[in-house]
Amino acid sequence: MVAVTLDGVATASAVKGELAERIRVLHDRGIRPGLGTLLVGDDPGSRAYVAGKHRDCAEVGIESIRVDLPESATQADVLAAIDDLNAAPEVTGYIVQLPLPKGLDEHAALEAIDPAKDADGLHPTNLGRLVLGIEGELHSPLPCTPAGIVEMLRRYDVPIAGRHVTVIGRGLTVGRPLGLLFTRKGLDATVTLTHSRTVDLAAEVRRADIVVAAVGVPHLVTADWVKPGAAVLDVGITRVEDPATGKGRLTGDVRPDVSEVAGFLSPNPGGVGPMTRAMLLSNVVKAAELLG
Ligand SMILES: Nc1nc(=O)c2c([nH]1)NC[C@@H]1CN(c3ccc(C(=O)N[C@@H](CCC(=O)O)C(=O)O)cc3)C=[N+]21
């Protein structure tokens, strides 16, 4: 069997097409959604991600507002920039690009974001709403990567309810909120949330119908760990140096030969990454729709 590719580029493109339509409706109502980004420091990876987010906005008709602070920025500088973004009327939603340079307090930065403008769904109020299972008329944005994973599985009709999901990694942006999302009423999966102290990770992965690898260990998940027919989503990404060329290369958490066993496989790149970006746009559009 060869796995069906969960094509994040194509799926994100479909999502963006639907959002562009909703943005036209908002424009007709005189509402102009605007995404702000706050980038601190000069990490090339983070710069590239932020640039990608501005391109995505241009593609669908969202205004974007870019705030960059130098590597030397203090915590007070970061909090002042966040206050400005909270106050700026053209910014209907924004993100603080993570990680922040060493020495800056990420939790304090996330808490300073106006929860109504939190496009990443990482403010404690919004994570709390995820725990509480609050959705509906109150805007409770979901963290973008978990939302993108679920959206992709839905669009490929991968069954979730009653299925066993093994998540590898308990980080703030993926693993921890994803466990909460999958076990929500309506999705109804059973989740095993694993991490670096999990004793027999292979056994936890073997019983999963859906495997999400979000840990950043290159090629951790091998074909003999995967139940035949399972859906495997490769989220972690690590820059590894090719010893032959000395050049950096991006490697996911899943070995490519897993495609010979899995029923569905999201590649990396080209899988969950583009969906993450599409869900960010979706959070901005939803928040703007609730502006009234
Ligand atoms: N506040 C905050 N929110 C985030 O959502 C956030 C963050 N900080 N910090 C970093 C991580 C990482 N992340 C990615 C999103 C999309 C791709 C993506 O689209 N990747 C493409 C490849 C892009 C390329 O080729 O460079 C792909 O997977 O195909 C990757 C990584 C969001 N993050």
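In this report Ala, Val, Leu, Ile, Met, Phe, Trp, Tyr, Cys and Pro count as nonpolar, Asp, Glu, Lys and Arg count as charged, and the others, Gly among them, count as polar. The structure is a predicted model, in which local features need pLDDT of at least 70 and side-chain atom pairs count only at pLDDT 80 or more, while totals for chains, interfaces and linings use all residues. Residues are numbered from 1 along each chain as its sequence is written.

## The chain as a whole

The chain contains 9 helices and 11 strands, where helices (H or I, at least four residues) and strands (E, at least two) are DSSP runs numbered from the N terminus. Its radius of gyration is 19 Å, close to the 19 Å that the globule rule gives for 292 residues, so the chain is as compact as a globular protein of that length; the radius is taken over C-alpha atoms, and the rule is 2.2 Å times the number of residues to the power 0.38. Along its principal axes, the C-alpha trace spans about 55 × 45 × 35 Å.

Of the 292 residues, 41% are buried, and a residue is called buried if 20 or more other C-beta atoms lie within 10 Å of its own, exposed if 12 or fewer do, and partly exposed in between, with C-beta atoms placed from the backbone. Among the contacts in the chain with a separation of 6 or more, 69% are between residues 24 or more positions apart, a contact being a pair of residues whose C-beta atoms, placed from the backbone, lie within 7 Å.

## Domains and annotated spans

The chain is divided into domain 1 (30-114) and domain 2 (144-273), with bounds that come from an automatic or database domain assignment. The C-alpha centres of domain 1 and domain 2 lie 28 Å apart.

An unreviewed UniProt entry lists "domain: Tetrahydrofolate dehydrogenase/cyclohydrolase catalytic" for residues 6-120; this span is 50% helix and 16% strand, and its end C-alpha atoms lie 23 Å apart. For residues 143-289, UniProt (unreviewed entry) gives "domain: Tetrahydrofolate dehydrogenase/cyclohydrolase NAD(P)-binding", and here the span is 30% helix and 21% strand, with end C-alpha atoms 18 Å apart. UniProt positions are given in the numbering used here, feature names are shortened, and annotations may be inferred rather than shown by experiment.

## Around the ligand

The ligand is surrounded by 16 residues, of which the closest are Ile95, Leu98, Pro269, Gly273 and Thr276; a residue is near a molecule or strand if its C-beta atom, placed from the backbone, lies within 6 Å of it. The elements that give two or more residues to this shell are α2 (44-60), β4 and α9, and the largest share, 4 residues, comes from α9. By type, the shell divides into 8 nonpolar, 6 polar and 2 charged residues. Domain 1 (30-114) and domain 2 (144-273) each supply at least three residues to the shell.

## Backbone features

Two peptide bonds that lead into a proline are described here. The bond from leucine 98 to proline 99 is cis, with omega near -5°, and proline 99 sits in the loop between β4 (93-96) and α4 (106-112). Another cis bond joins asparagine 268 and proline 269, with omega about 0°, and proline 269 is placed in the loop between β11 (264-266) and α9 (272-289).

Aspartate 188, in the loop between α7 (175-182) and β6 (190-194), has a phi near 60°, a positive value in a residue other than glycine. Histidine 219, in the loop between β7 (210-213) and β8 (231-234), likewise has a positive phi of about 55° although it is not a glycine.

## Residues at the annotated binding site

The UniProt annotation "binding site" (unreviewed entry) covers Gly169, Arg170, Gly171 and Ile237. Arginine 170 lies in the loop between β5 (164-168) and α7, and glycine 171 is found in the loop between β5 and α7. Leaving aside neighbours up to four places away in sequence, arginine 170 touches Gly175, Arg176, Leu193 and His195, whereas glycine 171 is in contact with Arg176 and Ala214. Leucine 250, in strand β10 (residues 248-252), touches Ile237, Arg239 and Pro269, with the same kind of sequence neighbours left out.

The table gives the exposure of several residues.

| Residue | Other C-beta atoms within 10 Å | Class |
|---|---|---|
| Aspartate 188 | 12 C-beta atoms | exposed |
| Histidine 219 | 17 C-beta atoms | partly exposed |
| Arginine 170 | 18 C-beta atoms | partly exposed |
| Glycine 171 | 16 C-beta atoms | partly exposed |
| Leucine 250 | 13 C-beta atoms | partly exposed |

Key: Two residues are in contact if their C-beta atoms, placed from the backbone, lie within 7 Å.
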